Amino acid sequence: MAIDHLGKENSMAKYMFRTSYTRSGLKGLLAEGGSGREAALRQTVESVGGSLEGFYYAFGDTDLILIVDLPDEAAATALSLNIAAAGALTVSVTVLLTPETVDKAVGKSVSYRLPGA
């Protein structure tokens, strides 16, 4: 259960998908255009019960960034595996946390021993 920016519990968690196009993916992008790929990936995210919050092309090591709300880690894993297996994009996924979630974590007591201590 995630906590949204208003401090309310939300059944969806946010994920950032950082992707880079392969040669075949670039050919598809050139043929279909940026908006066409956005529509296709929105449909892909929705197929696992999620919603696409952000879709951005970028310069540098990452070509495309998706910010998505997903119901669980299984949905995130399914998206990552299926997108990568198609061969048009490489995929890296990051779980995104709200400040409220970090506040909740900071308030937890953790028993930890340093290595060698």
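Author: Two strands are said to pair if DSSP finds at least two bridges between them. With that in hand we can turn to this predicted model, beginning with the hairpin that β4 and β5 form.

Reader: Which residue in the turn of the hairpin between β4 and β5 has a positive phi?

Author: Strand β4, residues 51-57, runs antiparallel to β5, and 6 bridges join the two. In the hairpin that they form, 6 residues lie between the strands. The turn contains a residue whose phi is positive, at about 105°, and that residue is Gly-60.

Reader: Which residue stands opposite Ser-51 in β5?

Author: Ser-51 belongs to strand β4, which covers residues 51-57, and one can follow the bridges from this strand across to β5. Tyr-56 has Ile-65 as its bridge partner in β5. For Ser-51, the residue standing opposite in β5 is Asp-69.

Reader: How many bridges are there between β3 and β5?

Author: Strand β3 takes in residues 13-21, and its pairing with β5 is antiparallel. One place to look is Phe-17, which has Leu-66 of β5 opposite to it. Over the whole pairing of β3 with β5, the number of bridges is 7.

Reader: How many of the residues of β5 are buried?

Author: A residue counts as buried when its relative accessible area is under 20%. Strand β5 runs over residues 64-70 and is mostly covered. Of its 7 residues, the number that are buried is 6.

Reader: Is Val-102 buried or exposed?

Author: Val-102 is found in helix α4, residues 99-106, and together with Val-95, Leu-97 and Val-106 it makes a nonpolar surface patch of about 380 Å². Buried would require under 20% relative accessible area, and exposed would require over 50%. Because the value for Val-102 is 39%, neither word fits, and this residue is described as partly exposed.

Reader: What is the radius of gyration of the chain?

Author: The chain has 4 helices and 6 strands, which follow one another in the pattern β-β-β-α-α-β-β-α-β-α. For 117 residues the globule rule gives 13 Å, and the chain lies well over this, so it is more spread out than a compact globule, with a radius of gyration of 17 Å.

Reader: What share of the 117 residues of the chain count as buried?

Author: The C-alpha trace spans about 55 × 40 × 25 Å along its principal axes, and the accessible surface of the chain comes to about 7700 Å², with 57% of it belonging to carbon and sulfur atoms. Counted over the 117 residues, the buried share is 26%.

How values were computed:
Residues numbered from 1 in each chain as written. Predicted model: local features only at pLDDT ≥ 70, side-chain atom pairs only at ≥ 80, totals over all residues. Heavy atoms only, no water. Buried < 20%, exposed > 50% of the residue type's maximum accessible area, 1.4 Å probe, protein only. Patch = residues over 30% accessible without salt bridge, like charges linked within 9 Å, V, L, I, M, F, W, Y side chains within 5 Å. Areas by Shrake-Rupley, 256 points an atom, 1.4 Å probe, with all protein chains shown as cover. Salt bridge = Lys/Arg side-chain N within 4 Å of Asp/Glu carboxyl O. Rg over C-alpha atoms; globule rule 2.2 N^0.38 Å.
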